[in-house]
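Here is a short briefing to read alongside your structure. Keep the 3D view open and follow the topics one by one.

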Amino acid sequence: MIKLFHVISDTNIGGAGTLLLNYLANADRSAFAITVVLPRGSALVPRIQALDIPVIETEYGHDRSHDRRATAEFRRIFRTERPDIVHTHSSFSAKLAAWQEGIRVRIYTRHSVFPPPKKLTTFPGRQISGLVNNTLATHIIAVAQAAADNLTDTGVNPRKIQVIVNGVEPMTPPTTETRAALRETMGFGEEHFVVGMSARLEEVKGHRYFLDAAAVLAAEDPMMRFLIIGTGACEADLRAQAESLGIADKVCFGGFVTNVADYVGSMDLVVNCSFGTEATSLALAEAMSLSRPIVATTYGGNPYMVEDGVNGYLVPIKDSSALAEAILRVRRDPAGYAALCRGAYARYTERFTAAAMTRQMEELYTRAYHERKK
């Protein structure tokens, strides 16, 4: 049995933590003895323990990629436990410790997409970055081709990289009664066509372009409504923008929600307006598991997730007019909308299930273990 350690520095459950939970729920326990190393008191601890996966809680490195005290702590753990594979998530300290302790298979996942700074793509920064990453990691997982491109732009050996897109568990759709009741609390009826976003309220997620498009759409079609779920630094500005555009009565800010499936299931169309950090969006994959079509920007991993006319449409970043036009195209074609719904679910089952992601990860683990054992 292969002894596999996952290391994550998150104290809350973000995208990396959600992916880790999805992997653990589908992991092959007959082939892998899995332990998760994470900060003491992390919100992930009870969720992982509920899956009957052992955890080791650490004192240092909480929500930090690099902490010298955490590096020393990880070294002690790896020296004692001697895992065959260490797979890290956003923890440079753990990558360094695994290399220092001579762990043969050292994997890390690049979870996000963002343009690397010029100093890391030009001499000598590119050479230094490449040397560090190529030394500390034997294998690297990129969750989208755009993430892989970011890595190679900073000097990472492309032969080390494998693209394994994010996978999610299917959401359970709300009942007709639940959907109707939830829409009523938001001031929407079943007669309304609800376009929604599920994302942190941060500038790079592009909510302001969504609201600009919503103003155009509301003028074109009085039966359209708009739902935004999530919290973040831009909330006050976005509420003020909705007021200034005269659409505050047509936009619901749902805030932080725990019953995400009910809210997404109450949407008719899901939008992603991101122009930064987007890899393989968990929110879009979950929406597709509910047969919801997508209109998304061409940024990051979105073009792999959305194919024009199959499960939605792609639009340029920061282009409210193109966004509104694509949404109207979906709205005005009921037969086409039904086809997009079918296409969304088919694309989810083909590419974005947690089981498919887990299978690819474990194939990598097994291959890497036997290659490095020679």
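Which cysteine sulfur is closest to that of Cys 341, and why do the two not form a bond? The closest one belongs to Cys 273, and at 19 Å from the sulfur of Cys 341 it is too far for a bond. Please keep in mind that this is a predicted model. With the cysteines as a start, the points below go on to the sheet, the cavities and a pocket.

**Cysteines**

- The structure holds 0 disulfides. A disulfide is a covalent bond between the sulfur atoms of two cysteines.
- To count as a disulfide here, two cysteine sulfur atoms must lie within 2.5 Å, so the 19 Å at Cys 341 rules that residue out.
- Cys 252 tells a similar story: its closest cysteine sulfur is in Cys 273, 17 Å away, which is too far for a bond.
- Cys 341 is buried, with 15% relative accessibility.
- Cys 252 also counts as buried, and its relative accessibility is 14%.

**The parallel sheet**

- Six strands, or 6 in the order E10-E9-E8-E11-E12-E13, make up an open sheet with parallel pairing.
- At the edges you will find strand E10 (251-255) and strand E13 (312-315); each has a single partner strand, so one side of each is left without a neighbour in the sheet.
- From one strand to the next, the twist averages 20°.
- Strand E9 (residues 224-229) runs parallel to E10, and 4 bridges join the two.
- For a spot to look at in this pair, try Ile 229, which stands opposite Gly 255 in E10.
- Strands of a sheet pair through backbone hydrogen bonds, either parallel or antiparallel.

**Cavities**

- Rolling a probe the size of a water molecule over the atoms shows where empty space is left.
- There are 2 cavities of 30 Å³ or more in the structure.
- The largest cavity contains about 100 Å³ of space.
- Its lining is made of 14 residues, and those nearest the centre of the largest cavity are Leu 19, Thr 109, His 111, Met 357 and Met 361.
- Helix H1 (15-26), strand E4 (85-89) and helix H15 (354-373) are the elements that each give two or more residues to this lining. H1 supplies the largest share, with 3 residues.
- By class, the lining of the largest cavity has 9 nonpolar and 5 polar residues, and no charged ones.
- The second largest cavity has a volume of about 50 Å³.
- Among the residues lining the second largest cavity are Tyr 209, Cys 273, Val 315, Lys 318 and Asp 319.
- The lining of the second largest cavity divides into 6 nonpolar, 2 polar and 2 charged residues.

**The second largest pocket**

- About 580 Å³ is the volume of the second largest pocket.
- In all, 22 residues line this pocket, and Lys 95, Tyr 108, Arg 110, Phe 114 and Asn 133 lie nearest its centre.
- Two or more lining residues come from each of helix H4 (92-100), strand E5 (105-110), helix H5 (125-136) and helix H6 (145-153).
- H5 gives the most to the lining of this pocket, with 4 residues.
- The lining of the second largest pocket has 10 nonpolar, 10 polar and 2 charged residues.

Terms used:
Residues numbered from 1 in each chain as written. Predicted model: local features only at pLDDT ≥ 70, side-chain atom pairs only at ≥ 80, totals over all residues. Heavy atoms only, no water. Pairing = 2+ DSSP bridges. Axes fitted to C-alpha atoms, helices over the stretch in contact; angles between N-to-C directions. 1 Å grid on protein atoms, 1.4 Å probe; cavity = no way out; pocket = protein on both sides within 12 Å on 5 of 7 lines; lining within 4 Å. Points joined across faces, edges and corners; volume = space filled by probe spheres on them. Nonpolar A, V, L, I, M, F, W, Y, C, P; charged D, E, K, R; others polar. Buried < 20%, exposed > 50% of the residue type's maximum accessible area, 1.4 Å probe, protein only.
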